[in-house]
Amino acid sequence: MLYIALPNQQPRQLSFYLAMEEYVAEWIDVEDCFFMWQVQPSVIFGRNQLIETEVNLEYCQQNGIQTYRRKSGGGCVYADMSNVMFSYITKDKAVNFTFNKYINMVVLVLRKLGIDAKATGRNDILIGNRKMSGNAFYHAWNKSIVHGTMLYDTNMQNMVGAITPSTTKLTSKGIQSVRQRIALLKDYTDLTLDEFKQFVKQTLCDNELVLSKCAVSEIEEKEKEYLSEAFIYGKNPRYSTVKRAHIDQVGDIEIRLEMKNNVIKSMTILGDFFIMGDIDTAIIKPLHNVKLNKEQLTKALPKQLDDVIMNLQRNDFIHLLLEG
């Protein structure tokens, strides 16, 4: 199998490697290709997923975690420099055949290291009953592309925080629960991550192609699609969500939001609070077309809300919008 390499080790965004898969599928005319890549903390969600329901956008913004959409289906995944991502491009076009071929190939690599790995379902690899690799599939340029994670290690708090919807609290219990369900490769081998990558490359590939600078430029052009808001948010329909809380000295508040692309399109505020001013003018209209993140909400709302709803503080209201 042919290994595809880049001409330098320049750090790249996750979107670059998605575009690189497409470039390889379009222009490299061999039966099978493979490459590995690593990224700074990032979340990648599936083609048919709603970013707002799969990604904790507030957590990602606060912790410098980038978010990307891919063209394959499947679930939401967190990646960082402690784990490695695999990309496999083949002329085989049958979904089940391609998945089985790829996953069994990876399982055999792990077993050569003495790791008792096994394939399960259609797209996961387990050690014992713990998941250590998840994979997704799509067609492009008359080829099949499979890409997936290989969990050597990871920042567990980011993994739980980034891909948990913001309405779910991040707790140590949640981290422990996830840790019990996943396997980290470092616990099953003495190889460092770099040594493991070298072992995979030597085991799977018998030749290497280093892409030209011209090819890299073409990949960067393809990458622009993945970075556009039209691609990231374009398939997202409007959706409704309800935020509820009891705030001391204020009362029960229920906020009904209609959202699109994490932007507030309409809002209704209900509850047993005491009205001191014009809610529509002071709160609802200023938040129309505002993104649901702390910075934008703080900027849009007046500093004083207790002259609109008795005893309501702006920070409490923002907290309810984000976490309620």
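This is a short walk through a predicted model, stop by stop, with something to select each time.

**Stop 1: the whole chain**

Start with everything shown. The protein chain has twelve helices and 14 strands. Along the principal axes, its C-alpha atoms fill a box of roughly 75 × 40 × 35 Å. Colour by accessibility if you like: of the 324 residues, 50% count as buried. Now think about contacts in the chain with a separation of 6 or more: 67% of them come from residues 24 or more positions apart.

**Stop 2: the eight-stranded sheet**

Next, go to the open sheet built from eight strands, in the order 7-8-9-10-6-2-1-11. The pairing here is mixed. Which strands are at the edges? Select 117-120 for strand 7 and 207-210 for strand 11; each of these pairs on one side only. Look along the sheet and you can follow its twist, which averages 25° from one strand to the next.

Now pick out residues 130-140, which are strand 9, and residues 143-150, which are strand 10. The two pair in the antiparallel sense over six bridges. For one spot on this pairing, show Ala140, which stands opposite Lys143 in strand 10.

Keep the sheet on screen and add residues 95-112, which make up helix 4. Helix 4 packs on the sheet, and the strands it touches include strand 2 (32-37), strand 6 (84-90) and strand 8 (124-127). Strand 9 is touched as well, and the direction of helix 4 makes about 145° with that of strand 9.

**Stop 3: one glycine in strand 10**

Zoom in on Gly148, which is found in strand 10. Is Gly148 buried or exposed? Its relative accessibility is 6%, so Gly148 counts as buried, the cut-off being under 20%. Leaving aside neighbours within four places in sequence, select what Gly148 is in contact with: Val84, Met85, Phe86, Gly134 and Asn135. You can also try a distance from C-alpha to C-alpha: Gly148 and Ala5 are 18 Å apart in space, with their positions 143 residues apart in sequence.

**Stop 4: the three-stranded sheet**

Hide that sheet and look for another open one, where three strands run in the order 4-3-5 with mixed pairing. Select 66-69 for strand 4 and 77-79 for strand 5: these stand at the edges, each with a single partner strand, so one side of each has no neighbour in the sheet. The twist averages 25° from one strand to the next.

Add residues 42-45, which are strand 3. Strand 3 pairs with strand 4 in the parallel sense, over four bridges. To see one of the partners, show Ser42 and look across to Gln66 in strand 4.

**Stop 5: two helices crossing**

Finish with residues 14-27, helix 1, and residues 213-227, helix 8. How do their axes meet? They come within 8 Å and cross at roughly 120°, and the two helices are therefore oblique to each other. Helix 1 passes helix 8 in a right-handed crossing.

Turn on side chains for the contact. On the helix 1 side, you will find Phe16, Leu18, Tyr23 and Trp27 among the residues involved; on the helix 8 side, the list includes Val216, Ile219, Lys222 and Tyr226. Colour the whole contact by residue class and it divides into eleven nonpolar, one polar and seven charged residues.

Key. Residues numbered from 1 in each chain as written. Predicted model: local features only at pLDDT ≥ 70, side-chain atom pairs only at ≥ 80, totals over all residues. Heavy atoms only, no water. Pairing = 2+ DSSP bridges. Axes fitted to C-alpha atoms, helices over the stretch in contact; angles between N-to-C directions. Contact = heavy atoms within 4.5 Å. Parallel < 35°, antiparallel > 145°, perpendicular 65-115°, else oblique. Left-handed = near helix turned anticlockwise from the far one by under 90°. Nonpolar A, V, L, I, M, F, W, Y, C, P; charged D, E, K, R; others polar. Buried < 20%, exposed > 50% of the residue type's maximum accessible area, 1.4 Å probe, protein only.
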